[in-house]
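A first-year student wishes to learn how a protein model is read. The student asks short questions, and an author replies.

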Amino acid sequence: LSFSHLISLTNDHAIPSQAFRVNPNPNDGEVIYIQLLQPYLLGCEYKLLNASGTPVLKGVLVDSDTTLDIHPLTPGVYYLTLVSVYGVETQQVIVP
């Protein structure tokens, strides 16, 4: 059994809460939609981490609405993390 720690670092210009939405959540196990609510997040890096903290999907958000194919993932709890110059924001994603 092993554990991984998720750490969020922020600064004075931190990403505000509700900077992005993940829908649907929980979802159908096929796709999730990321909607950026703050335009400065365009170009930021995203990582979908499993419960152990291992990235299972990653990339760069080049549009304010992005679709991620999650059908290869096993059911469980995941963490979608956005990393920008303003900090790190994480939301939980449940895959049935």
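The exchange below moves from the general make-up of the model to single residues.

Reader: What kind of model is this, and from which number are residues counted along each chain?

Author: This is a predicted model, in which local features need pLDDT of at least 70 and side-chain atom pairs count only at pLDDT 80 or more, while totals for chains, interfaces and linings use all residues. Side-chain values use heavy atoms, with hydrogens and water left out, and residues are numbered along each chain, as its sequence is written, from 1.

Reader: How many helices and how many strands are there in the protein?

Author: Helices (H or I, at least four residues) and strands (E, at least two) are DSSP runs, numbered from the N terminus. From that end on, the elements run β-β-β-β-β-β-β. The count for the protein is therefore zero helices and seven strands.

Reader: What percentage of the residues of the protein count as buried?

Author: A residue is buried under 20% relative accessible area, exposed over 50% and partly exposed in between (1.4 Å probe, protein chains only). The protein has 96 residues, and the share that counts as buried is 32%.

Reader: Which strands form the open sheet, and in what order?

Author: Two strands pair if DSSP finds at least two bridges between them. Four bridges join β1 to β2, and five join β2 to β5. The pairing is antiparallel, and the order in this open sheet is β1-β2-β5.

Reader: Which strands of this sheet stand at the edges?

Author: An edge strand here has a single partner strand, so one side of it is left without a neighbour in the sheet. The strands in this position are β1 and β5.

Reader: Which residue of β5 is the bridge partner of Tyr33?

Author: β2 and β5 run antiparallel, and β5 covers residues 65-69. This strand has a covered face, Thr66 and Leu68, and an uncovered one, Asp65, Thr67 and Asp69. The partner of Tyr33 comes from the uncovered face: Thr67.

Reader: Is Thr66 buried or exposed?

Author: Thr66 is in strand β5. Contact means heavy atoms within 4.5 Å, and Thr66 touches Ile32, Tyr33, Ile34 and Leu61, not counting residues up to four places away in sequence. A polar atom of its side chain also lies 3.4 Å from the backbone oxygen of Asp63. Since its relative accessibility is 16%, Thr66 counts as buried.

Reader: Is Thr74 buried or exposed?

Author: Thr74 lies in the loop between β5 and β6. Its C-alpha is 9.5 Å from that of Asn50, although the two residues are 24 apart in sequence. Because its relative accessible area is 54%, Thr74 is exposed.

Reader: Which residue of β4 stands opposite Glu45?

Author: β3 and β4 form a hairpin with five residues between them, and Gly53 in the turn has a positive phi of about 90°. Five bridges join these antiparallel strands. Opposite Glu45 stands Val60.

Reader: Which residue of β6 stands opposite Leu49?

Author: β3 also pairs with β6, in the antiparallel sense and over five bridges. The residue opposite Leu49 is Tyr79.

Reader: Where is the cis peptide bond with omega near -25°?

Author: Pro24 and Pro26 are both in the loop between β1 and β2. A cis peptide bond joins Asn25 and Pro26, with omega about 0°. The bond with omega near -25° runs from Asn23 to Pro24.

Reader: Which residues touch the most other members of the largest nonpolar core?

Author: A nonpolar core is a set of buried Ala, Val, Leu, Ile, Met, Phe, Trp, Tyr and Cys residues joined through side-chain atoms within 4.5 Å. The largest one has 19 residues, and those that touch the most other members are Leu80, Leu82 and Val93.

Reader: Which elements give two or more residues to this core?

Author: One core residue, Val93, touches residues including Val22, Ile32, Leu48 and Leu80. The elements that give two or more residues are β1 (20-23), β2 (31-36), β3 (45-49), β6 (76-84) and β7 (87-95).

Reader: What share of the contacts with a separation of 6 or more comes from residues 24 or more positions apart?

Author: These contacts are counted along the sequence of the protein, by the separation of the residues. The share from residues 24 or more positions apart is 56%.

Notes
A polar contact is a pair of N or O atoms within 3.5 Å; within protein, one must be able to donate a hydrogen and the other to accept it, and residues adjacent in sequence count only if both atoms are side-chain atoms.
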